[in-house]
Amino acid sequence: MHSDRHEELLSLAALGVPLEDDARDYEQLIAERCPVCEELFPELREAAAALGAVVPARAPRPELRAAVMASLGPARRPARTTAGWAGWLFAAAAAALFVLIALDDARLRRGREELRSENADLRLREESARSEIARRDLRARVLESDDVRMLFLGGHGPQPGARAKVFWSPGAKRGVLVTAGLAPLPPDRQYQLWVFVGGKPVDAGVFDADPSGKILFESKELASVTAENFAVTVEPRGGLPQPSGPIVLLGSPSAG
Amino acid sequence: MEKSLERPDPAESDRALVAAMVARDADAVARLYDRHVSRLLGVAYRILGETGEAEEVVQEVFLYAWRAASSYDPFRGSVLAWLVVATRSRAIDRIRTRKSAVPSDERGRDPLAGLPAADDVEETTASRQWEKVCRGAVAELPEEQRRALELAFFEGLTHPEIAARTATPLGTVKTRIRLGLMKLRERVRPYSSREKNA
């Protein structure tokens, strides 16, 4: 009769675990020639072999194949006809040579394309890195300058929950805007920062919304060192010379 | 049983190669080698942690398969299972005879370990599917069952040694091994290429 104990013994044997104290029970089980067990054991061996599929396969060194074949000793090769042998050999060699040359040429072309692509990618990454360093330098110049000033901007109009701070340096003629809670915009719209000089808005640059609502944006060079106030509006992509859309952030100079 | 997926090496084909080996056809060994060497090398390396020794084991296994091809019994499992078990046994034998066993956590530090993994070796989609099934089946095992199976299969520990290593009663270790392997069997059986009526 088949039992958990039988499954236990068969499992240990299938895994190749030394049976030790269980050896006698296992021998008895084999002697009984239980049909269920005879069916089960190969399946458990398959299951044990499945453990071998879990580890990463490894590519052998090319020499291993030759070593294996050399270790076999005398062998019989499958019978082949010898008629036209030399002709076949020549044709096969020529075909193989042609294929090798074609493959090598394709490989070289592919290699050149990959190198070109990598080169272009490296140039892009280098430009991006240089640009990022320049931006960080600028931020540092604004934020660490002795004349840095700060103004709070509150949510306005359609986005009452938005908040921002703008840091600007009259010496550096730049501002850095840090926002929170700005809503995403349609693809054809951008936010535009305005600096008020003499009571009039002057374009200070456009920026896109971030899904997080958090943005760190550096202004264009400010035309005047006397920034009276800042505001952000929603404008067509690329911005306009004068604000046309709703104001979403507006500074309160008296509170700053 | 209806087979829903073939192994990378359909059993008929593997068995045909073994039959050709019985007839002393060395080309059959070469083809069997090309099909399974990366899998067997992965198993040997996992156990031994050293590439050169793992390759020696694999070489021994193919020599064994060549010499003992007539002893292969399809009723006792597929050709791949036969080769995997043979690889595992020889690798474990080497571990046991080492004067100073390499701790398992230090394996994989050999200088030849930079040889490429076989992911880029040409394999059939069915091969990857079969491996995926096996990996999924092992991953779904409860941790303690998977651990017991790995200690037995890859470390070559006896069940009392597993009990000591995991601070678990011997009976519990045997139960975990039984339950774990039976679950694996259930999962991989539909994908097995072994055919009982061959």
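Here are some short exercises on this predicted model, each with a worked solution.

**Exercise 1. Find out how confident the predictor is about chain B, and where its confidence drops.**

Start with the whole chain: the mean pLDDT of chain B is 79, and 75% of its residues reach 70 or more. Next, go through the elements of chain B. Helix α6 (residues 143-153) has the highest mean pLDDT, 94, while helix α5 (residues 125-139) has the lowest, 79. Then check the weak stretches. Over residues 1-9 of chain B the pLDDT is below 50, although the model gives this stretch 30 contacts beyond near neighbours in sequence. Residues 194-198 of chain B also stay under 50, with 17 contacts beyond four places in sequence. For the model as a whole, the scores are ipTM 0.77 and pTM 0.53.

**Exercise 2. Classify the ring pair A:Tyr191 and A:Phe207, then work out where its two residues sit.**

Over all chains, the structure holds seven aromatic pairs. For this one, take the geometry first: the ring centres are 5.6 Å apart and the planes meet at 25°. Planes under 30 degrees apart count as stacked, so A:Tyr191 and A:Phe207 make a stacked pair. Now place them in the chain. A:Tyr191 belongs to strand β4 (residues 189-197) of chain A and A:Phe207 to strand β5 (residues 200-207) of chain A, with their positions 16 residues apart, and the pair links distant parts of the chain.

Are these residues buried or exposed? Buried means under 20% relative accessible area. A:Tyr191 comes out at 0%, so it is buried, and A:Phe207 at 5% also counts as buried. Finally, look for further rings: A:Phe217 joins A:Tyr191 and A:Phe207 in one aromatic cluster.

**Exercise 3. Which rings have B:Arg24 and B:Arg88 over their faces?**

Take B:Arg24 to begin with: it lies over the face of B:Trp66, at 3.8 Å from the ring centre. B:Arg88 lies over the face of B:Phe153, and here the distance to the ring centre is 5.6 Å.

**Exercise 4. Work through three of the salt bridges, asking where the partners sit and how accessible they are.**

The structure holds 25 salt bridges over all chains. A general point helps here: side chains of opposite charge can pair when their charged atoms come close.

1. A:Glu8 and A:Arg5 meet at 2.7 Å, N to O. Both lie in helix α1 (residues 4-15) of chain A, three residues apart, about one turn of the helix. With a relative accessible area of 12%, A:Glu8 is buried, whereas A:Arg5 at 28% is partly exposed.
2. B:Asp14 pairs with B:Arg35, the closest N and O atoms being 2.6 Å apart. This pair links distant parts of the chain, from helix α1 (residues 11-22) of chain B to helix α2 (residues 26-48) of chain B, 21 residues apart. B:Asp14 is buried at 2%, and B:Arg35 is partly exposed at 34%.
3. B:Glu150 pairs with B:Arg146, with 3.0 Å between the closest N and O atoms. Both are in helix α6 of chain B, four residues apart, about one turn of the helix. B:Glu150 is buried at 16%, while B:Arg146 is partly exposed at 22%.

As a last step, see which residues are joined through shared partners: A:Arg5, A:Glu8, A:Asp22, A:Asp25 and B:Lys174 form one salt-bridge network.

How values were computed:
Residues are numbered from 1 along each chain as its sequence is written. Chains are lettered from A and ligands numbered from 1 in the order in which they are written. This is a predicted model: local features need pLDDT of at least 70, side-chain atom pairs count only at pLDDT 80 or more; totals for chains, interfaces and linings use all residues. Side-chain values use heavy atoms; hydrogens and water are left out. pLDDT is the predictor's confidence in each residue, from 0 to 100. Helices (H or I, at least four residues) and strands (E, at least two) are DSSP runs, numbered from the N terminus. Contact means heavy atoms within 4.5 Å. Rings of Phe, Tyr and Trp (its six-membered ring) pair if their centres lie within 6.5 Å; planes under 30 degrees apart count as stacked, over 60 as edge-to-face and the rest as tilted. Buried means under 20% relative accessible area, exposed over 50%, partly exposed in between (1.4 Å probe, protein chains only). A charge sits over a ring if NZ of Lys or CZ of Arg is within 6 Å of the ring centre and within 35 degrees of the ring normal. A salt bridge is a side-chain nitrogen of Lys or Arg within 4 Å of a carboxyl oxygen of Asp or Glu.
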